[in-house]
Amino acid sequence: MKRLNILICGGDILNLQRTAKTLADDGVRVEITSQLLDYLWFSANTWDVLLIDLDGLTSFLRSLLPEIG
């Protein structure tokens, strides 16, 4: 099975790091950024999912973990 690649963008870096660790613990490849356009412009990576962190998104992501695995 192909490993899922996710890019998460948001302003709260500590929150993004916690979310990335939770997803990575479940086998998802995650990168985070606070500068989405700059990151996409200079990144050679291809992403399966791009998430923009909004209020409450972290708890939503955690609720999706059983569905992803």
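Helices, of at least four residues, and strands, of at least two, are taken here as DSSP runs and numbered from the N terminus. With that in hand, the predicted model is easy to walk through: its chain holds three helices and three strands. Followed along the sequence, these elements come in the pattern β-α-β-α-β-α.

The strands make a good starting point. They form an open three-stranded sheet with parallel pairing, in the order β2-β1-β3. Strands β2 (29-33) and β3 stand at the edges with a single partner strand each, so one side of each has no neighbour in the sheet. On average, and ignoring direction, neighbouring strands are turned by 20° against each other. Between β1 (residues 5-9) and β2, the parallel pairing runs over five bridges; Ile6, for instance, has Val30 in β2 as its bridge partner. Helix α1 (residues 13-25) lies across β1 and β2, and runs at about 175° to β2.

Turning to the chain as a whole, 35% of its 69 residues count as buried. Among contacts with a separation of 6 or more, 62% are accounted for by residues 24 or more positions apart. The chain exposes about 4800 Å², of which carbon and sulfur atoms supply 58%.

One spot on the surface invites a closer look. Leu40, Leu50 and Ile52 make a nonpolar surface patch of about 250 Å². Leu50 belongs to strand β3 (residues 49-52), one of the edge strands of the sheet. Its relative accessible area is 41%, and Leu50 is therefore partly exposed, a value that also lies over the 30% asked of patch residues.

Methods. Residues numbered from 1 in each chain as written. Predicted model: local features only at pLDDT ≥ 70, side-chain atom pairs only at ≥ 80, totals over all residues. Heavy atoms only, no water. Patch = residues over 30% accessible without salt bridge, like charges linked within 9 Å, V, L, I, M, F, W, Y side chains within 5 Å. Areas by Shrake-Rupley, 256 points an atom, 1.4 Å probe, with all protein chains shown as cover. Salt bridge = Lys/Arg side-chain N within 4 Å of Asp/Glu carboxyl O. Buried < 20%, exposed > 50% of the residue type's maximum accessible area, 1.4 Å probe, protein only. Contact = heavy atoms within 4.5 Å. Pairing = 2+ DSSP bridges. Axes fitted to C-alpha atoms, helices over the stretch in contact; angles between N-to-C directions.
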